[in-house]
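Student: Could you take me through one part of this protein closely? I would like to see how a single helix sits among its neighbours.

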Amino acid sequence: MPGVSLWRGLLGLEHTAIENVTKDPDGSLVFHVRPMARRQGRCGRCRRRCPRYDAGSSRRRWRTLDHGIAMAFLEADAPRVRCPAHGVVVAHVPWAAHGAGHTHTFDQQAAWLVVRTSKTAVTELMRIAWRTVGAIVDRVWTRIQAEHGGPAGDQLEGLRRIGIDEISYRRGQLYLTVVVDHDSGHLVWAEPGRDRDTLRRFFDDLGVERSSLITHVSADQAGWISHVVTERCPTAIQCADPFHVIKWANQALGNVRARAWRTARAGGATHKNGIEHGRQRRDSTGAARELRDARHALWKNPEDLTCRQQQRLDWIAATHPELWEAYRLKEGLRLLLRMRGRPGLDALDEWLAWATHSGVPEMTHLAARITAIRERVEATLTHGLSNALVESVNTKIRLLTRIAFGFHSPQPLIALAMLSRGPYRPALPSRA
Ligand SMILES: [Zn+2]
């Protein structure tokens, strides 16, 4: 057929013969293909050459990248082979992963988009459901990981300083344990679960020799993490994860704000607004309303505040000294956790004295919590673990858990997180 080599180039196909090109009534292009002789008769799972079993049920189709405005498909026979290891399986095809309904080029482009654009951009441009995106990122990550030696492969090489964390998803019903490399900022390992056995699997993948090279481990104060770290890397220095310490401070600040809000409402800053669940509904007004709406302004880093949020903070500074004091303590803690060495340690002393004697009960309690893990906070300040890096990885993974809500299982979420924050980003087809 004329033009076959042109089509093969356009499709990015290797080891594949094009027999014919047809058009469906709906305008879709259909490329009738077969694997080249050397790629025929192989197990779809291990690619070992195997005896043919039968012709399979019928012709199969794989969606590939659109051509112009038309959807395009590859169509081929799907014979089965009998593999000594995997039994009767559909034979390998060079253009797609085993069991996939999309070609490698399609998968690659979808994965490239998903780590760079929005959910709707991917699903609308590629004309696929979000669940399909989940299956695609899972396949692409599995393939990239295999090229780099599997779960125990290259991404675990050279680790010295790591952060271990748990991430909740599905509204806190399920958890992932994640490991971040402090030196590169990459996510290097993630698995479902949050317990000792899950974390032991990480150290199994890492192996005894590479575990012995770990010098620092940062984590929140979960006992199961420190137990396993002590067991597998006894010489590593355990540090407090600044991200979690700041989270505590934000919680304490939130409690002060809620208390001020309740006080304002009790003082009459409400108005009646109908009946709800058989009770009088009272909406916040005046100061109570300002305090209700100030939540984000108090949490945000000052450099990210909008003009309106800055005005809310100014108002709090002028009218609510206790809440303002709590805010300044939170910001002070955040800044001191960026400091290093002696100045950082001195600042920690000063801060603990300030918080303890602030007269704000929530902040005094926070000071006591931090004092209880003081040694680990000091280790963080002494050894200079960059919080900015971990915080940004953490924030981004938490965003992904929301995006991944529509996926079936944790596997696509892990794949999405590894492709977005891991050391190997997906490449566009035929552009290494
Ligand atoms: Zn096999």
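Tutor: Start with the whole chain. Among contacts with a separation of 6 or more, 58% are between residues 24 or more positions apart. Keep in mind that this is a predicted model. The protein has 432 residues, and 34% of them are buried. Its secondary structure comes to 16 helices and 14 strands. The C-alpha atoms fill a box of roughly 85 × 60 × 40 Å along the principal axes. The radius of gyration is 28 Å, whereas a compact globule of 432 residues would have one near 22 Å.

Now zoom in on helix α5. This helix covers residues 196–211, which is 16 residues. How far apart are its end C-alpha atoms? They are only 16 Å apart. A straight helix, at 1.5 Å a residue, would reach 22 Å. Look along α5 and you will find a kink of about 60°, centred on D205.

Next, look at the side chains' surroundings. Which residues of α5 are buried? They are L199, F202, L206 and S211. The buried residues of α5 pack against three strands, β8 (161–169), β9 (174–181) and β10 (187–192), and against another helix, α6 (223–232).

Those strands belong to a sheet, so let us turn to that. The sheet is open, and its 5 strands come in the order β10-β9-β8-β11-β12. Their pairing is mixed. Why do β10 and β12 (237–240) each have one side without a neighbour in the sheet? They stand at the edges with a single partner strand each, so one side is left free of a neighbour. Neighbouring strands of this sheet are turned against each other by 25° on average, ignoring direction.

Take one strand pair as an example. Strand β11 (residues 216–219) runs parallel to β12, and 4 bridges join them. Within this part of the sheet, S218 stands opposite C239 in β12.

Back to our helix. α5 packs on the sheet and touches β8, β9 and β10. The direction of α5 makes about 140° with that of β10. The other helix, α6, lies across β8, β11 and β12. It runs at about 170° to β11.

Now put the picture together. α5 is kinked around D205. Its buried residues face β8, β9, β10 and α6 as packing partners. Both helices meet the sheet: α5 touches β8 among other strands, and α6 lies across β8 too.

Technical notes:
Residues numbered from 1 in each chain as written. Predicted model: local features only at pLDDT ≥ 70, side-chain atom pairs only at ≥ 80, totals over all residues. Helix = DSSP H or I, 4+ residues; strand = E, 2+ residues; numbered from the N terminus. Expected span 1.5 Å × (residues − 1). Bend = angle between axes of the 7 residues up to and from the residue. Buried ≥ 20, exposed ≤ 12 C-beta atoms within 10 Å, placed from the backbone. Contact = placed C-beta atoms within 7 Å. Pairing = 2+ DSSP bridges. Axes fitted to C-alpha atoms, helices over the stretch in contact; angles between N-to-C directions. Rg over C-alpha atoms; globule rule 2.2 N^0.38 Å.
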